[in-house]
Amino acid sequence: MKAFKCLTCSSSITVSDDILTGEIVECGACGQEHELINDGQNYRLEFAPEVEEDWGE
Ligand SMILES: [Zn+2]
């Protein structure tokens, strides 16, 4: 498991070790979405980019 902190509410977020870079991690407490970043040595979370998904029609 990897442990991170939510950038919004500082709750701990744990993800499994097999998570892939670029995956979206959602905070269980506040729902903030984060993107998993790997800077070459360490994993960290950044705010997920706001993706203009088509909201379905
Ligand atoms: Zn949060």
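**Close-ups of a five-stranded chain**

**View 1. Strands E4 and E5 side by side.** Strand E4 (residues 33-38) and E5 run antiparallel, joined by five bridges. This is a predicted model, where local features need pLDDT of at least 70, side-chain atom pairs count only at pLDDT 80 or more, and totals for chains, interfaces and linings use all residues. If you're looking for a residue, numbering starts from 1 along each chain as its sequence is written. Two strands pair if DSSP finds at least two bridges between them; strands themselves are DSSP runs (E, at least two residues), as helices are (H or I, at least four), numbered from the N terminus. For one bridge to look at, take His34, whose partner in E5 is Phe47.

**View 2. The turn of the E4-E5 hairpin.** Four residues sit between E4 and E5 in this hairpin. Gly40 is in the turn, and its phi is positive, about 110°.

**View 3. Leu7 and the residues it touches.** Leu7 belongs to the loop between E1 and E2. Leaving aside residues up to four places away in sequence, Leu7 touches Gln32, His34, Leu45 and Phe47; a contact here is a pair of C-beta atoms, placed from the backbone, within 7 Å. So His34 and Phe47, the bridge partners from the first view, both turn up again beside this loop residue. Is Leu7 buried or exposed? Neither quite: Leu7 is partly exposed, because 16 other C-beta atoms lie within 10 Å. The cut-offs are 20 or more such atoms for buried and 12 or fewer for exposed, with partly exposed in between, again using C-beta atoms placed from the backbone. Thr21 is 14 residues along the chain from Leu7, and their C-alpha atoms are 17 Å apart.

**View 4. Ser10, further along that loop.** Ser10 lies in the loop between strand E1 (2-5) and strand E2 (12-15). Its phi is near 65°, which is positive even though the residue isn't glycine. Most residues other than glycine have a negative phi. Ser10 counts as exposed because it has 11 C-beta neighbours inside 10 Å.

**View 5. Glu50, after the last strand in the pattern.** Glu50 sits in the segment after strand E5 (43-47). With 7 other C-beta atoms within 10 Å, Glu50 is exposed. Glu23 is 27 residues away along the chain, and the two C-alpha atoms are separated by 14 Å.

**View 6. Zooming back out.** The protein chain has five strands and zero helices. Its C-alpha trace spans about 40 × 25 × 15 Å along the principal axes, and buried residues make up 7% of the 57 residues.

Key. Contact = placed C-beta atoms within 7 Å.
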